[in-house]
Amino acid sequence: MENKSTANKWLIVAVIVMSIIIVVMATWIIAGAMYKDKDFQTKGDGTGVRLTSVSDVDKLDIDSSLKKLLKSKVGQSIPEREGSVYEPIIDRAYGKYAAVYGLTNAYTIIGPKNGTSEIAIVASMQQGDMPCSDLKLALVPSRLVDGKCEVSGSSQTYNQD
């Protein structure tokens, strides 16, 4: 009888351990799905997908909050350039952040300003690297800026995930 009791205890322990493993694996899968890393560079030369209409934005597999901002810009008149409309080019996206050309006269990162707020332009640059202070404030993932940023004109390593 004692052997049966010991076997039952080990069976209970095995079930608990397997349950924990299943929960951990499910959490890992869900977390991975939440932060999709998308590279939209079409030719390997730094060009991405040009967005000329709202339907172009709808086709993208990116966070809905990023889509909302891009939809509000695509096809709209650019105030500084008479006769021109916004046709942004999405380069890369990760979670709630994206690297985009054409929203300003610079390469921009869009995402939540402080890591949790409404989506907006959080950093931009025309030459060199993005300002480290802007990237850190917005918690921009380093993979969107190739792990580099700039402080006082000097390139620095940037690490944020």
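Visitor: Which residue meets the side chain of Asp 58 in a salt bridge?
Guide: Welcome, and please keep in mind that this is a predicted model. Side chains of opposite charge can pair when their charged atoms come close. Here the N to O distance is 2.6 Å, and the partner of Asp 58 is Lys 71.

Visitor: How many residues apart in sequence are the parts that Asp 58 and Lys 71 tie together?
Guide: Look first at helix H2, residues 54-58, where you will find Asp 58. Lys 71 belongs to helix H3, which covers residues 64-73. The pair therefore ties together two parts of the chain, and their separation in sequence is 13 residues.

Visitor: Are Asp 58 and Lys 71 buried, partly exposed or exposed?
Guide: Asp 58 has a relative accessible area of 41%, and Lys 71 has one of 31%. A residue is buried under 20% and exposed over 50%, so values in between earn the middle label. That makes Asp 58 partly exposed, and Lys 71 is also partly exposed.

Visitor: How many salt bridges does the structure hold?
Guide: You have already met one of them, between Asp 58 and Lys 71. Another joins Lys 96 and Asp 63, with 3.5 Å from N to O. For the structure, the number of salt bridges is 6.

Visitor: How far apart in sequence are the parts tied together by Lys 96 and Asp 63?
Guide: Both residues sit in loops: Lys 96 between strands S3 (89-94) and S4 (97-101), and Asp 63 between H2 and H3. Lys 96 is partly exposed at 39% relative accessibility, and Asp 63 is partly exposed at 21%. The salt bridge thus ties together parts whose separation in sequence is 33 residues.

Visitor: Which residues join Arg 92 in one network of salt bridges?
Guide: The side chain of Arg 92 meets that of Asp 146 at 2.8 Å, N to O. This links distant parts of the chain, 54 residues apart: Arg 92 is in strand S3, and Asp 146 is in the loop between helix H4 (132-138) and strand S7 (148-151). Salt bridges with shared partners build the network, and the residues joined with Arg 92 are Asp 91 and Asp 146.

Visitor: Of Arg 92 and Asp 146, which one is buried and which one is exposed?
Guide: The cut-offs are under 20% for buried and over 50% for exposed. Arg 92 comes out at 14%, while Asp 146 comes out at 52%. So the buried residue is Arg 92, and the exposed residue is Asp 146.

Visitor: Is the aromatic pair of Tyr 101 and Tyr 107 stacked, edge-to-face or tilted?
Guide: The structure holds 1 aromatic pair. Its ring centres are 4.5 Å apart, and the planes make an angle of 50°. Planes under 30 degrees apart count as stacked and over 60 as edge-to-face, so the pair of Tyr 101 and Tyr 107 is tilted.

Visitor: Which of the two tyrosines, Tyr 101 or Tyr 107, is buried?
Guide: Tyr 101 has a relative accessible area of 32%, so Tyr 101 is partly exposed. The value for its partner is 11%. With buried meaning under 20%, the buried residue is Tyr 107.

Visitor: Which residue lies over the face of Tyr 94?
Guide: This time a charged residue meets a ring. The distance to the ring centre of Tyr 94 is 4.2 Å, and the residue over its face is Arg 143.

Visitor: How many residues lie between S4 and S5 in their hairpin?
Guide: S4 runs antiparallel to strand S5 (residues 107-112), and 4 bridges join them. One of the bridge partners is easy to find: Ala 98 pairs with Ile 110 in S5. Gly 102 in the turn has a positive phi of about 95°, and the number of residues between the strands is 5.

Visitor: How many bridges join S3 to S4?
Guide: These strands also form a hairpin, where Gly 95 in the turn has a positive phi of about 60°. Ile 90 has Val 100 of S4 as its bridge partner. S3 and S4 run antiparallel, and the number of bridges joining them is 5.

Notes: Residues numbered from 1 in each chain as written. Predicted model: local features only at pLDDT ≥ 70, side-chain atom pairs only at ≥ 80, totals over all residues. Heavy atoms only, no water. Phe/Tyr/Trp six-rings, centres within 6.5 Å; stacked < 30°, edge-to-face > 60°. Buried < 20%, exposed > 50% of the residue type's maximum accessible area, 1.4 Å probe, protein only. Lys NZ or Arg CZ within 6 Å of the ring centre and 35° of its normal. Salt bridge = Lys/Arg side-chain N within 4 Å of Asp/Glu carboxyl O. Pairing = 2+ DSSP bridges.
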